[in-house]
Structure formats: structure tokens, C-alpha cells
Amino acid sequence: TMQRANDSTFPGFILLGFSGRPHLESVLFVVILIIYLLSFLGNSTIILLSILEPRLHTPMYFFLSNLSFMDLCLTTCTVPQTLVNFKGKDKIISYGGCVTQLFIAVSLGGVECILLSVMAYDRYAAVCRPLYYMVIMHPQLCLQLVATAWLIGFGTSVVQTALTMTLPLCGKNQVDHFLCEVPVMLKLACTDTSINEAELFAVSVLFLVVPLSLILVSYGHITHAVLMIKSVQGRWKAFGTCSSHVLVVIIFFGTLISVYLQPPSSYSQDVNKSITLFYTLVTPLLNPLIYTLRNKEVKGALRRLVGRT
């Protein structure tokens, strides 16, 4: 494997992963497989319920089903390759596979950042403008917001992937990671990458800082509106509709900011791998758990669906 990695004609990459700790890879294989299956089941259930249950045909669950679909795509894009590499001796990914993995991961990450800010606006309209909620969040607007998120995410990823994967590597193809990620791929380049790093920082600010700021503004208005409610029960009900979304936002943006907006030397590479493992695997599992275990409407819809079948 190492000889092939040093061969400049080899048309692929070696994903080193945690190869220095083979026992850790064996444990991670089992853990990742279990989490992936649970995540697949949970997100598929949310999508199925959002389609089949008429009571869930609302903007909130339309956005949530899109979020679950993105999580399904992200884990399916990264996890099978990771499992193959953890179990096999040849930790190889083809050049085309690396490009595809990088493109899809960057695209879906950008889409999810925008979608979470859209969901915050949806909660703002539900809590602060309840009488006009269905007028504000009409189906056409919901479709336009989701379509815009997908177009911006994939459009930006085309540029990001092209700038990253066209850098000269001078035969270096040992990736010190378990997947193809922009910061790691930049380290392979045998040329000055300051322009790429500046572009990556600008994109990270655009997709992380700007949506997070909009989310904080939305929840600032929501908090003010909730505190104006005289009924304690009413306050808890209003906070309950938003708490699950806040938890998802903290987990998702926190992990991504720690990877893309921190100086490269802030963490060891093993810590970076662990953080990446968290937001590509654990976060997609937490999303359906958070939204279902804390949501009476989803649990009720699931019971009705099971009862019908």
C-alpha cells in the first residue's frame, strides 16, 4: 500500500484514517456501523412520516424532512467507504471517489447551514407572528427557500471542489484522514495554497457565521416574544417548539466552526478526525432522536402509522 501511495501514477489516494491504532479501527467499525444503521432508520422514518401523515404536512416538517434527506445522503456518501477502509488492509479511494465524496460533503454541509437558518425563521414566524404564520410560510415560499439552499450549496461546492482538486500534488496521495475533506486535501498540495485557504475561510464565514447570526437574531425575537406571554404553561409550550432546533444548531455549527474557523495548529490531527467523525455521523443520528423524542406530534404520527400497518 505504501509503495502504491508513493507512485505518482497511482490514480487514487490512501486514506490513513486511524491506521496507527488498528484496535481502535476495529472498535470504530462496529460503533460506526451501528450508528449508521440507526441514523438511516431514524431519518428514513421522519421522511416517511412527513409524506404519509397529513397532520405533518406543515412547513416545519417539510424543512425537517429535507434535513433528514440531507443527513441520509451525507452518511451514505462517507460511512460505507470509511467502513471498508477500517476493515481492509488497502485503504484506497479512487480519484473519482475522492472528488465525489468531497463535492457531496461540501454541498450538503452548505445546504444544511442555510436550511437551519430557514428553520429558525420558520420558528420565528410561528411564535412571533402566529396569526399570519400560514400566510408568511406559504408552500410556494417554502419550496423557493429549500430550492435556493440546494442551489447555493451545490453551486459553491462546484467551485470549492474544482479549486481544491486541481492543485498539483507532486505524487503525494497519503491523506491523513478517513475521508476526503478540503483542509486535509490542501495539505497535500506541493504549491502555495494561501489563496485556497483564504477562499475556504471566506466560504466558511459565509456558510457558518452568517446563518448562525441570522439564527441568533431569530431566537432573540422569539425569546422576547415568549417572555411577554403571561401564562407559564404558554411559555413552556413556546420554548418547547424551539428547543429541539436550538440543540441541533449548537451541535452542528459548533463542530463545523471548530474545524473550519480554527487555526490549523489549534488541534492535533486525531482531534480533527474525531470532530469530523462527530458531525458526519453522530449529528445525523441526533437529529431524528432530538426531533422525535421531544415531539408529541411525531410520536403520535408514528403510532398512527404503526397502527394502520
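A charge is taken to sit over a ring if NZ of Lys or CZ of Arg is within 6 Å of the ring centre and within 35 degrees of the ring normal. In the predicted model analysed here, this arrangement is found for Lys87 and Phe29: the charged end of Lys87 lies over the Phe29 ring, at 5.0 Å from the ring centre.

Contacts between aromatic rings were examined next. A search covering the whole structure yields nine aromatic pairs. One of these is formed by Phe86 and Phe178, whose rings adopt an edge-to-face arrangement with a centre-to-centre distance of 6.5 Å and an angle of 65 degrees between the planes. This pair connects distant parts of the chain, the two residues being 92 residues apart. Phe86 belongs to helix α3 (residues 59-87), whereas Phe178 is located in the loop between β3 (174-175) and α7 (182-188). Phe86 has a relative accessible area of 7% and is therefore classed as buried, the criterion being a value under 20%. Phe178 is likewise buried, with a relative accessibility of 2%.

A further edge-to-face pair is formed by Phe252 and Phe253, with 5.6 Å between the ring centres and 90 degrees between the planes. Phe252 is buried at a relative accessible area of 3%, and Phe253 also counts as buried, at 2% relative accessibility.

Aromatic residues are also grouped beyond individual pairs: Phe69, Phe103, Trp150 and Phe154 constitute one aromatic cluster.

Key: Residues are numbered from 1 along each chain as its sequence is written. This is a predicted model: local features need pLDDT of at least 70, side-chain atom pairs count only at pLDDT 80 or more; totals for chains, interfaces and linings use all residues. Side-chain values use heavy atoms; hydrogens and water are left out. Rings of Phe, Tyr and Trp (its six-membered ring) pair if their centres lie within 6.5 Å; planes under 30 degrees apart count as stacked, over 60 as edge-to-face and the rest as tilted. Helices (H or I, at least four residues) and strands (E, at least two) are DSSP runs, numbered from the N terminus. Buried means under 20% relative accessible area, exposed over 50%, partly exposed in between (1.4 Å probe, protein chains only).
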